[in-house]
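The exercises below are meant to be worked with the sequence and the coordinates open side by side. Each task is followed by a solution that proceeds step by step.

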Amino acid sequence: MWAGRFFEAGGREIVLDGGCGHGVALFDGQLTGELGLQDARVILTEDQEPAVSVCAIAPVGDTDGDALDDVLMTIRQPSTQYPLLLHTSPIEESLAPADATAVLTPEQPEHRRRALASGDFNGDGFDDVAIGDPSFHDEGTDTQWHADDQDGLVSIVNGPLSGEVDLTQADARITGRRCRNWNSDGDFNEHASTFGRSIAAGDLNGDGLDDLILGSYHGCEFFLSDDKWGLAEERPGGEAYVFFGPLDGTLAARDADLIFIAEGAKEGVPDSREVGWSVAHAGDVDGDGASDLLIGATGIRRDGFDFVLGGAYLLYGPLAPGGVDLADADATLLGEGLYQFATTGSSVAGAGDLDADGFDDLIIGAPGDGQGGSLAGAAFVVYGGPGF
Ligand SMILES: [Ca+2]
Ligand SMILES: [Ca+2]
Ligand SMILES: [Ca+2]
Ligand SMILES: [Ca+2]
């Protein structure tokens with residue numbers, strides 16, 4: 001479910017996303033009482049378009065410069081390909097594929113789960129789109145040492161967009177690397193990095209250009225550096241990355257301007273904290289005028305306890321380029337109670353200034369939290385202030 005401005009200036013609308021196969025509906029924002037699909041302003045369901053199924057939808061900011069939000073959605077076609085459709089505003093009548101402004105074909109279109117975000121990375125006034133594919137994998141040509149393999153992909157395409165867009169021709173392309181550790185038999189264990197599982201955007205360094213925030217909760221770019229082959233622990237701690245705009249050309253995760261690593265990663269033995277399960281531009285939480293950053297980590301444990309609570313790391317800007325050990329985060333916000341696998345931090349967001357005290361506030365999701373009943377889930381609002 002999302003909110004955005006899709007129809008006209010000044011309004012605010014709500015998008016209901018039923019998940020893959022259940023369609024999507026856009027409602028006006030000023031509605032009350034019990035409503036049905038018949039009350040939606042625009043819908044797309046399989047009744048209307050039996051050949052396609054909507055899988056994911058997100059507002060992607062204003063890619064065409066008319067001050068209204070646009071809609072990007074992943075659809076499944078009968079060929080089990082999952083292209084992305086961009087509908088630019090105003091979205092008056094139809095979300096049907098035939099009415100899309102642009103059709104984006106991913107590099108590996110058979111993958112269904114993609115992370116979407118938008119921001120104006122190049123500062124031309126049109127929002128640009130970032131598309132993460134954590135399942136992307138390309139073995140490269142060095143099949144023995146895997147020095148050139150790519151695992152997880154984020155494609156950035158600059159707005160405005162129209163017609164057929166082939167994401168092999170994206171304006172910028174960032175890849176992660178598969179996590180491997182060699183065993184004593186000369187063989188290796190491996191697992192996907194999940195690079196691009198989470199994406200967010202915002203201006204973190206205050207230069208007026210939006211910056212790209214990425215998460216890779218199984219990432220091991222840092223401690224699997226080339227001089228540490230063979231020493232790597234099997235459980236990577238996860239990583240988060242920030243690339244300052246503008247974004248151009250071919251980049252790797254380790255080209256990031258900022259890399260956030262799990263506690264212990266410097267020593268090659270990170271705790272498996274699932275850093276970067278979610279990421280967010282937090283707004284200005286401490287009120288110093290600089291943007292702050294929130295990184296969800298569903299694998300954080302409470303000191304002295306075995307169970308996994310999850311939580312989030314808060315980092316106050318301005319952030320100088322370089323590597324940041326999350327042991328040095330300005331605040332670690334832990335889940336509450338004693339709930340194994342509370343998965344606190346599976347979603348994080350800047351909430352704006354909810355209590356109107358001049359400090360931006362945070363919201364952190366915990367779908368496994370048990371305080372309201374087994375697996376009832378919870379969301380925590382954390383009010384900003386002059387510092388934790
Ligand atoms: Ca732009
Ligand atoms: Ca910036
Ligand atoms: Ca701040
Ligand atoms: Ca506040």
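## Exercise 1: The surroundings of Gly245

Beyond its neighbours within four places in sequence, Gly245 is in contact with Phe121, Asn122, Leu209, Asp210 and Asp211. The model is a predicted one.

Task: Decide whether Gly245 is buried or exposed, and describe the backbone around this residue.

Solution. Begin with the location: Gly245 belongs to the loop that runs between strand E18 (239-243) and strand E19 (249-252). Next, count neighbours: 24 C-beta atoms lie inside 10 Å of Gly245, and because the cut-off for a buried residue is 20 or more, Gly245 counts as buried. Then look along the chain for a distant partner: Leu204 is 41 residues away in sequence, and the two C-alpha atoms are separated by 9.7 Å. Finally, examine the peptide bond that follows: Gly245 and Pro246 are joined by a cis peptide bond, with omega at about 0°, and Pro246 is likewise found in the loop between E18 and E19.

## Exercise 2: Two open sheets

Task: For the sheet that contains E5 and the sheet that contains E9, give the strand order and say which strands stand at the edges.

Solution. In the sheet that contains E5, five strands follow one another in the order E5-E6-E7-E8-E12, and the sheet is open with mixed pairing. Strand E5 (53-59) and strand E12 (163-166) each have a single partner strand, so they stand at the edges and one side of each is left without a neighbour in the sheet. Neighbouring strands of this sheet are turned against each other by 25° on average, direction ignored. As a sample of the pairing, E7 and E8 run antiparallel and are joined by three bridges, and Leu86 has Ala102 in E8 as its bridge partner.

The sheet that contains E9 is also open and also has five strands, ordered E9-E10-E11-E13-E19 with mixed pairing. Here strand E9 (115-119) and E19 are at the edges, since each has a single partner strand, so one side of each is left without a neighbour in the sheet. Its twist averages 20° from one strand to the next. Between E9 and strand E10 (residues 128-138), which run antiparallel, there are five bridges, and Ala117 stands opposite Ala130 in E10.

## Exercise 3: The nonpolar core

Task: Identify which residues have the most contacts inside the largest nonpolar core, and which strand gives the most to this core.

Solution. The largest nonpolar core has 96 residues, and Ile213 and Ile295 are those with the most contacts inside it. The strand that gives the most to this core is E21, with five residues. Turning to the strand itself, nine of the nine residues of E21 (residues 275-283) are buried, so this strand is largely enclosed by the rest of the structure. E21 pairs with strand E22 (residues 292-297) in the antiparallel sense over six bridges, and Gly283 stands opposite Asp292 in E22. For Ile213, leaving aside neighbours within four places in sequence, the contacts include Val279, His281 and Leu293, together with Ile199, Ala200 and Ala201.

## Exercise 4: Unusual backbone geometry

Task: Compare the settings of Thr343 and Ala356: which loop holds each, and is each buried or exposed?

Solution. As background, most residues other than glycine have a negative phi, and most peptide bonds are trans. Thr343, although not a glycine, has a positive phi of about 50°; Ala356, also not a glycine, has a positive phi of about 55°. Thr343 lies in the loop between strand E25 (331-334) and strand E26 (347-352), whereas Ala356 is in the loop between E26 and strand E27 (361-366). The neighbour counts then settle the second part: Thr343 has 24 other C-beta atoms within 10 Å and is buried, while Ala356 has 8 and is exposed. A further case concerns the peptide bond: Gly159 and Pro160 are joined in cis, with omega at about 0°, and Pro160 lies in the loop between strand E11 (150-157) and E12.

Technical notes. Residues numbered from 1 in each chain as written. Chains lettered and ligands numbered in written order. Predicted model: local features only at pLDDT ≥ 70, side-chain atom pairs only at ≥ 80, totals over all residues. Pairing = 2+ DSSP bridges. Helix = DSSP H or I, 4+ residues; strand = E, 2+ residues; numbered from the N terminus. Axes fitted to C-alpha atoms, helices over the stretch in contact; angles between N-to-C directions. Contact = placed C-beta atoms within 7 Å. Buried ≥ 20, exposed ≤ 12 C-beta atoms within 10 Å, placed from the backbone. Core = buried A, V, L, I, M, F, W, Y, C linked by C-beta atoms within 7 Å.
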